[in-house]
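The following paragraphs lead through one structure, from single residues to the sheet, the core and the ligand. Please look over the sequence and the model before reading on.

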Amino acid sequence: MALTTGVVLARVGSTYRVHADRGEVTAVLRGRLKRRDDDRVVAGDVVELELQPDGPATISAVRPRRSVLARRAAGERSPRAQPLAANVDQVVVVAAARDPEPNLRMLDRFLVVAEGNGIPPVIVLNKIELERSAEQAFQRRFGPAGYQVLATSVKAVTGLPALRDLLRGRASVLTGGSGVGKSSLMNALHPGLNLRIGEISAYWGKGTHTTRAALLVPLPERGYVVDTPGLREIGTWGVDPDALGGCFPEFRPFLDGCRFDNCRHLTEPGCAVRRAAQAGSFDPDRLVSYERIYAEVSVPSWSSARRRGR
Ligand SMILES: Nc1nc2c(ncn2[C@@H]2O[C@H](COP(=O)(O)OP(=O)(O)O)[C@@H](O)[C@H]2O)c(=O)[nH]1
Ligand SMILES: [Mg+2]
Ligand SMILES: [Zn+2]
């Protein structure tokens, strides 16, 4: 019996596809692990494997997770967090400079979902050859939050080596509106990977548990793309209204400066965050996104299923 570690790529019924040093192996959970709930092992988990001379390998242990991307699932009594993928290193939020026009509300929402899950986001601004000025506009809007903005073009072949470097050796979730070029970018970098990134309605919408779960797709140069139904599905449900301000990194230096300790940064007098926005420390439009998301996350949880579907 040989021992090794591997990274779970996907679950297929009661078996797992695991990426080990020697290549991909099929594995099953050892009895002790099997009795626990379904979410014990998900895509991205680092597991200890016992390779068998014949038949599937056995997963004997799961390493502690560095991060968990979770969605809300109906529990027996109350909703619970259902892990979708473990050990995601970054969320790559893709937008287009034009065609379609950037949807800043949607981008801010994806950024909040990433922050709320404790996963650092990076912004890719694709189709940059259609509207070069978009790069500076994005730098102005997202720079104060410390987000990297990487301009790319599949058509003009811009920024592709930088994107390849960004993905190398990391597990990345790619997300963004439809038509921004997610598939085109991945095909330009790695033809033939055949990812389903964000293809919610066609593929994920009515899937079984297995097809709705996340998959990890290994990249030829190390690293993984985490193929998920998209962050839209995950939504902002896990974000506590009190923690929302912290999901906007450029607000953080001001959060302790408000007159009231429990300031929501909405209409309270003496709000240091609003003052900073007026003084031009960051784009006041980010506060508009904050207000929208605040309204969402502060409603009672019974309506969150509807919220998530938006
Ligand atoms: N002009 C331009 N068009 C692009 C670029 N990248 C992708 N497209 C086009 O945008 C459309 C949508 O791309 P697709 O990859 O399907 O977007 P997805 O929905 O995010 O996966 C396709 O017609 C692509 O050919 C780009 O850099 N520049
Ligand atoms: Mg696509
Ligand atoms: Zn405030």
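A residue counts as exposed if 12 or fewer other C-beta atoms lie within 10 Å of its own, as buried if there are 20 or more, and as partly exposed in between. The model to which this is applied here is predicted. Gln136 is exposed because 12 other C-beta atoms lie within 10 Å of its own. This residue belongs to helix α3, which covers residues 133–142. From Gln136 to Ala151 the chain runs 15 residues, and their C-alpha atoms are 10.0 Å apart in space.

Thr5 gives a second case. With 13 other C-beta atoms within 10 Å, Thr5 is partly exposed, because that count falls in between the limits for exposed and buried. Thr5 sits in strand β1, residues 2–12. What is Thr5 in contact with, once neighbours within four places in sequence are left aside? The residues are Val46, Val47, Glu48 and Leu49. Of these, Val47 is 42 residues away along the chain, yet the two C-alpha atoms are separated by 5.5 Å.

Now take the chain as a whole. Its secondary structure comes to 12 helices and 13 strands. The chain has 310 residues, and 40% of them are buried. Among contacts between residues at least 6 apart in sequence, 64% join residues at least 24 apart.

Six of the strands form an open sheet with mixed pairing, in the order β10-β9-β8-β11-β13-β12. At the edges are β10 (149–151) and β12 (215–218), each of which pairs on one side only. From one strand to the next, the twist averages 30 degrees. Helix α2, residues 104–116, packs on this sheet and touches β8 (90–96), β9 (121–126) and β11 (171–176). The direction of α2 makes about 175 degrees with that of β8.

Strands of a sheet pair through backbone hydrogen bonds, either parallel or antiparallel. In which sense do β12 and β13 pair? Their pairing is antiparallel, over four bridges, with β13 made up of residues 224–227. Pro218 has Tyr224 in β13 as its bridge partner, and Leu216 stands opposite Val226. The two strands form a hairpin with five residues between them. In the turn, Arg222 has a positive phi of about 65 degrees.

Val226 also leads to the interior. The largest nonpolar core has 82 residues, and Val226 is among those with the most contacts inside it, together with Ala43, Ile123 and Leu125. Leaving aside neighbours within four places in sequence, Ala43 is in contact with residues including Val8, Leu9 and Ala10, with Ala85, and with Leu216 and Val226. The last two are the residues that stand opposite each other in the hairpin.

The ligand remains. Which residues come nearest to ligand 1? They are Val154, Gly181, Lys182, Ser183 and Ser184, out of 14 residues around the ligand. Helix α5, residues 182–189, contributes the largest share of this shell, three residues. By kind, the shell divides into three nonpolar, seven polar and four charged residues.

Terms used. Residues numbered from 1 in each chain as written. Chains lettered and ligands numbered in written order. Predicted model: local features only at pLDDT ≥ 70, side-chain atom pairs only at ≥ 80, totals over all residues. Near = placed C-beta within 6 Å. Nonpolar A, V, L, I, M, F, W, Y, C, P; charged D, E, K, R; others polar. Pairing = 2+ DSSP bridges. Axes fitted to C-alpha atoms, helices over the stretch in contact; angles between N-to-C directions. Contact = placed C-beta atoms within 7 Å. Core = buried A, V, L, I, M, F, W, Y, C linked by C-beta atoms within 7 Å.
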